[in-house]
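Welcome! Have a look at the sequence and the structure, and then try the exercises.

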Amino acid sequence: MDVEVGAEVELVSDVGLSNSFGVLADQPASAHALHDMDLCLATSFPASPAKSPPSKKTKKKTETTGELTDVLHAIQELSTKQDATFQKLISIENSTDATTKAVENLSLVVQKLVSDVNEHSEKMCRFARDITELQSSDKDVRSRIEQLERYSRRWCLKMHGVPETKNENLHSIVLNILENVAPDLRGKLSDALDVMHRVGRWNQDGGHRSIIVRFSTRSLRDVVWRAAKDNAYLKESHQRISEALIPADVAARAKLWPIVKKAREEELRKKLYFIYSIIAIRCTECLPEEWFCGECDVLRHKKQPLHNRECVIHGFFKAIPPTSYANKGEDGYRIHEQACISPTVKVPDCSCESTNFTVLPGKPVILITINGRFDLHQPLYVCQTCQHQWIPELKDLLRSGYWPL
Ligand SMILES: [Zn+2]
Ligand SMILES: [Zn+2]
Ligand SMILES: [Zn+2]
């Protein structure tokens with residue numbers, strides 16, 4: 001816009017307008033400067049006809065006047081435009097001022113909000129600390145209450161499976177059961193039963209609610225509790241007496257029980273069914289064929305219990321006693337125990353002259369050799385014809401190389 005204004009101003013000065021206008025036009029084309037120029041034009045124009053040339057050149061003068069009129073129109077138009085622009089600038093300036101003020105107000109508000117938020121977050125932190133403190137003290141109080149309840153329940157026992165009827169005389173029912181459970185306490189229990197009641201809500205389906213019984217002394221309660229373990233009367237009547245645990249302990253035990261059960265089962269499984277996919281047994285006395293599979297080992301050593309055998313378990317040699325042997329099951333080999341019979345020289349046949357007899361493990365004997373101790377059994381011969389039983393005589397043992405003590 002500056003360039004456009006400058007060009008038109010130059011045109012005006014060419015046609016010989018007042019010098020003062022030219023000077024004004026050189027000034028910076030700011031909004032105020034333009035306004036001043038406008039005023040100046042309005043005042044200086046009426047004077048110009050006085051400076052007009054002499055009447056001799058009337059024709060030329062008329063032309064000049066026409067041109068001047070055009071220029072005047074142009075200037076007026078320009079002035080109007082400038083005026084409008086100026087008005088716009090003023091309004092923009094005003095609105096900018098208003099906006100600045102609004103922004104200032106807003107920033108004040110934001111500052112206030114920020115400080116409020118900081119204050120609130122501090123408060124929240126304090127509340128959170130308070131809540132944590134309250135929670136921990138609440139936990140403390142709860143655990144104290146639990147301890148007290150647990151302690152008071154040491155005077156109590158819980159009875160399960162006792163048939164329930166409406167308007168029952170609970171005292172006499174409980175007394176009757178407990179006198180059967182602990183007959184030694186007959187006569188002492190009646191006064192020792194302090195309070196008792198059914199636990200929970202009345203069961204519409206006819207289920208028998210448990211009974212909680214409080215004894216006047218702990219010693220009597222303990223006697224009943226001991227008597228209730230594996231009690232025949234309770235088993236027959238399908239009843240059960242348990243400790244009156246507090247709910248927290250019941251929940252803890254319920255949670256723990258599967259773990260204990262699993263551990264026990266695992267232990268049992270390991271003990272009974274240690275299973276190997278392959279078993280290799282080495283006998284240091286069966287050289288040169290020292291290696292046996294489970295079956296060959298049994299065949300070979302059935303009558304050689306004094307051989308020194310080793311078994312490879314998890315890549316290590318482990319000495320195994322003569323009583324251990326491997327038996328192949330569906331899922332692999334298991335180590336089993338057997339009774340070993342001390343090897344003995346051939347004994348005389350049965351008095352019935354039958355030669356058909358079996359050898360069974362008889363009296364257990366301990367054999368001490370240079371290799372150590374062997375837990376064996378004396379042979380027991382049973383005649384299959386007359387069922388006569390006999391054992392080796394002293395001379396048979398001596399002939400076998402034993403020295404009985
Ligand atoms: Zn051997
Ligand atoms: Zn084999
Ligand atoms: Zn016989």
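Two exercises with worked solutions follow. This is a predicted model, in which local features need pLDDT of at least 70, side-chain atom pairs count only at pLDDT 80 or more, and totals for chains, interfaces and linings use all residues. Residues are numbered from 1 along each chain as its sequence is written, chains are lettered from A and ligands numbered from 1 in the order in which they are written, and side-chain values use heavy atoms, with hydrogens and water left out.

**Exercise 1.** Find the protein donors of the zinc ion (ligand 3) and describe the site.

*Step 1.* Donors are N, O and S atoms within 2.8 Å of the metal (3.2 Å for Na, K and Ca); water is not among the atoms, so sites may look incomplete. Here the SG atoms of Cys350, Cys352, Cys383 and Cys386 lie 2.2 to 2.3 Å from the zinc ion (ligand 3).

*Step 2.* Along the chain, these donors show the spacing C-x1-C-x30-C-x2-C.

*Step 3.* Four donors count as tetrahedral if all angles lie between 85 and 135 degrees. The angles at this zinc ion are 103 to 122 degrees, so the site is tetrahedral.

**Exercise 2.** Work out which parts of the chain the salt bridge of Arg209 and Glu164 ties together.

*Step 1.* A salt bridge is a side-chain nitrogen of Lys or Arg within 4 Å of a carboxyl oxygen of Asp or Glu. The N to O distance for Arg209 and Glu164 is 2.7 Å.

*Step 2.* Arg209 sits in the loop between strand E2 (193-198) and strand E3 (211-215), and Glu164 in the loop between strand E1 (156-160) and helix H5 (170-181), so the pair joins parts 45 residues apart in sequence. Helices (H or I, at least four residues) and strands (E, at least two) are DSSP runs, numbered from the N terminus.

Key: Four donors count as tetrahedral if all angles lie between 85 and 135 degrees; four count as square planar and six as octahedral if opposite donors are over 155 degrees apart and all others between 65 and 115; anything else is irregular.
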